[in-house]
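Q: Could you take a close look at one helix for me and walk me through its surroundings? I'd like it informal but precise, and a word on the rest of the model is welcome too.

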Amino acid sequence: MAGFVLQRLFQSLLILLGVSIITFVLLYWLPADPVRQIAGRSATPQTVENIRQQLGLDQPLWAQYWRYLTGLVQGDLGRSYLQKTEVSTLIASRLPASLLLMAGAIFAELLIGLSMGIIAALRRGTTTDQSLMIISFIGVSAPQFVVGLLLLYVFAVQLGWFPIGGYGTFSHLVLPSMTLGILGSGWYSRMMRSSMIEVLRQDYVRTARAKGLTRVRVIFRHALPNAILPIVAMIGIDIGIFMGGIVVVESVFGWPGIGQLAWQAIQRVDIPIIMGVTLVSATAIVIGNLLADLISLLIDPRIRTR
Amino acid sequence: MNSENTTPFKVATSNCPSGTEPVLRVDQLAISVNTENGLKPLVHELSFDLHRGETLAIAGESGSGKSLTSLAIMGLLPPPAVRVTGGSIHFGDQELTTLGENAFRQIRGNRIAMIFQEPMTSLNPVMKIGTQLAEAICAHEAISLKEARLRALEALRSVRLSEPEKRLNQFPHELSGGMRQRVMIAMAIALKPDILIADEPTTALDVTVQREVLDLLRDLQLEMGTALILITHDMGVVAEMADRVLVMKGGHFVEENHVESLFAKPQKVYTRNLLEAVPKLGDGSGEARMGRPDEDTLVAELENVVVHFDVRSGILGRVTHRVHAVENVSLNIRKGEIFSLVGESGCGKSTIAKAMVGLVDHSGRIRINGHDISPTYGAMSNQTRRDIQMVFQDPMASLDPRMRVGELVREPLVIHGVGTRQEQDQHVEYLFERVGLARDQIQRYPHEFSGGQRQRICIARALALNPKLIIADESVSALDVTVQAKVLDLLKELVSELGVSFLFISHDMAVVENISDRVGVMYLGQIVETGSRRQIFGSPRHSYTKRLLSAVPTPDPSRERQSLARLVGDVPSPVKPIAERVSYVELVDMGDGHLIALEDTMK
């Protein structure tokens, strides 16, 4: 068990190293010049050159990367080119909002997705099943900015149940979480449905029924823990997909998270922030996957002994 | 119903009209499935009674409706497609076919309990044994979880499971098949039900384990006076266990009688055919084959073959344990000979087959038709591959469902570039006729065939390249006995007519006796006894061979059952720490090629 966790942590470090190299190289090759952005249109070539030297951007790629990496292992993510603050401070101030949004989204998608999947599986072949699957299909295929704007229009503008945007209270959280969660819930409901149908066919479910257990107990105590196993592994992967969605959703709802930070940084070619957000996202994905594996381990005794 | 030709016998049965009311009365039961073309009947007007303390066997081949009948009694028919469409099931004064789910739930597991065929999949893999047992008790009795666990422990003791306290906290995957089936039985008897339904309870188990489980069921039934419905395809099990037998075929009632009368004087043709098709130990049915093997030509020579699998663990993935699948096995197979390997699951018989077709690495020497096989996986020459072919156990899974059967049989020819398209067509047609299928079936898909026909297709495919040796790994185990008998006849014909040799791998002693020229008995990766069929079955010398033979249920109710020394625990594990050496058995020639392992060299 401890060995497994250590092994996975070691793998995670390698993954993060790989991510940092790839992102760094991609940004280095970017046709946009960050120095031009900093210096402004009217700057003289001399100023541009000075800034370039000052930031160390005149050095070869490997030297730049080495400098970044040595900073990184000491916990230094560098300074923003334009905002003149530490990247770590910027991210730290915005990370809680994003994590909150993510937690809300995971909760929303699991609640909606799993219950839709379970109901569809239990009512397999009926109109309930078919309607639920059509709804989940719409959820999977609708673009997030459309869903976000639609939810805003209906629930904030027309009905006025929730605020139009911003951050602070629980009601601020509902619409952005739903927007992020609807995509995932479409996925989860489909996976949960097929997984549940598969499990309900298993011999041990028949055994459970043959014992004279109630239907509720058969479904929730016997079928569900087995059906949820493949879903748990999905949650880890899902966090990666969230990172993409967060950029869009935070812009639509004016949510002050790292998605917005990344969006602004990309527009201004603020490389240290882009690097920082990418690494933090990668770390979140790695931790998410690790947690998913640990939860699987907790549910499934067969993996534990392996 | 057949009361006029019943003779009073065993005390446990109370079938005289003045006796007690039957505990279960099934009357004109009909079960149907909803299809697109309306209701399709699966079980037709079935009637029988069950009395306290008696064992009723429902026997029949696949599709006979015997399992559906038992599920109907349990109220577990797969809804909504399959349901009872007529007749009644009376349990005491309760009518089960119209009983509401809630009332039924209180009978299920409590008054009527069931044991299923597959112990490996019948227990919830993510729940502890103790919890699974305790919840069955708690579902029917208002007792605390702690008390339920005590009752569970008691139930595990009564099924003679070793270390019951430890088992409570284990998960199903930590237990062997036999142990899991004991847990299933414990679960079923924990509440002392009036009726116990056992659906093929020993079919998935090894023969020595089957023997123990059958003994256990019989003892428990005597102790508790439970009525037992035993559903099985195995007439040997029927003969040993049943008081009365009900034979079914294709959803229809065929006949019902006391076990002795049924075996002695079957009334219906189908019953007679069924009984005749059952391979029996020691009936000399293997003598009939024409043609003798060619003593001088060896198609396969194995010398000191060893196959190990490494088990890695820890952070660095170091090899800490080793599975000793095959240890130092030597054997020869002659041209035109059927050599059988028998043994229980995990004894290494299938691994030998895999090594011979180059699917696993081995050390030692394997020669096929005079050519050495490379000891590493995948490095086999195409010529050698043509010489050796395989037929697998499950004919459902070993044919690609999206290919026409003709293409499947042609495929080996295409892969090896043999002949033109026309020549291949002709050869495929010849093969189809040779294995007893019609030419016009060539364009069909696998799902249009029955299990037996599919196995014939697999045999045709194996024959396509005119191999010297065909490995048949449990190739008839999944087939019904009447079908099995025909496929075995086909294999014998192929040997006599084409001179092909077979390595026949099976756990079924009676089948092996029926088909083999020579036999090797395997135990824990090693051959402990080998010789001609007559030597092994006529005068077995090794204690393991004797135990295997005596464990086989005899399809003859009049024969007194030999009592078998009870095994203590399971067969030892072939997985050993890397440092531990394995002691090889020493084979001694008893004359005429009859080799046996010295018992004290066996650990």
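**Around helix α13 of chain B**

A: Let's start at the exit: just after α13(B), B:Gly417 takes a positive phi of about 60°. Keep in mind that this is a predicted model.

Now back into the helix. α13 of chain B covers residues 405-415, and its buried residues are B:Val405, B:Gly406, B:Leu408, B:Val409, B:Arg410 and B:Leu413. So there's an arginine in that buried set, B:Arg410, alongside residues such as B:Leu408 and B:Val409. On the geometry side, an α-helix has 3.6 residues a turn, so residues three or four places apart point the same way. As for partners, the buried residues of α13(B) pack against two helices of chain B, α14 (421-434) and α15 (451-463).

Elsewhere in chain B there's an open antiparallel sheet of five strands, running β15-β14-β11-β12-β21. Its edges are β15 (371-372) and β21 (575-577), each paired on one side only. The β21(B) edge is held to β12 (residues 318-335) by three bridges, with the two strands antiparallel. Along that pairing, B:Arg322 sits opposite B:Lys576 of β21(B).

Finally, the chain contact: 22 residues come from chain A and 25 from chain B. On the chain A side, the elements giving two or more residues are α1 (2-28), α9 (203-210), α10 (215-227) and α14 (301-304). Of these, α9(A) gives the most, with seven residues. That side of chain A splits into eight nonpolar, eight polar and six charged residues.

Terms used
Residues are numbered from 1 along each chain as its sequence is written. Chains are lettered from A and ligands numbered from 1 in the order in which they are written. This is a predicted model: local features need pLDDT of at least 70, side-chain atom pairs count only at pLDDT 80 or more; totals for chains, interfaces and linings use all residues. Two strands pair if DSSP finds at least two bridges between them. Helices (H or I, at least four residues) and strands (E, at least two) are DSSP runs, numbered from the N terminus. A residue is buried if 20 or more other C-beta atoms lie within 10 Å of its own, exposed if 12 or fewer, and partly exposed in between; C-beta atoms are placed from the backbone. Two residues are in contact if their C-beta atoms, placed from the backbone, lie within 7 Å. Ala, Val, Leu, Ile, Met, Phe, Trp, Tyr, Cys and Pro count as nonpolar, Asp, Glu, Lys and Arg as charged, and the others, Gly among them, as polar.
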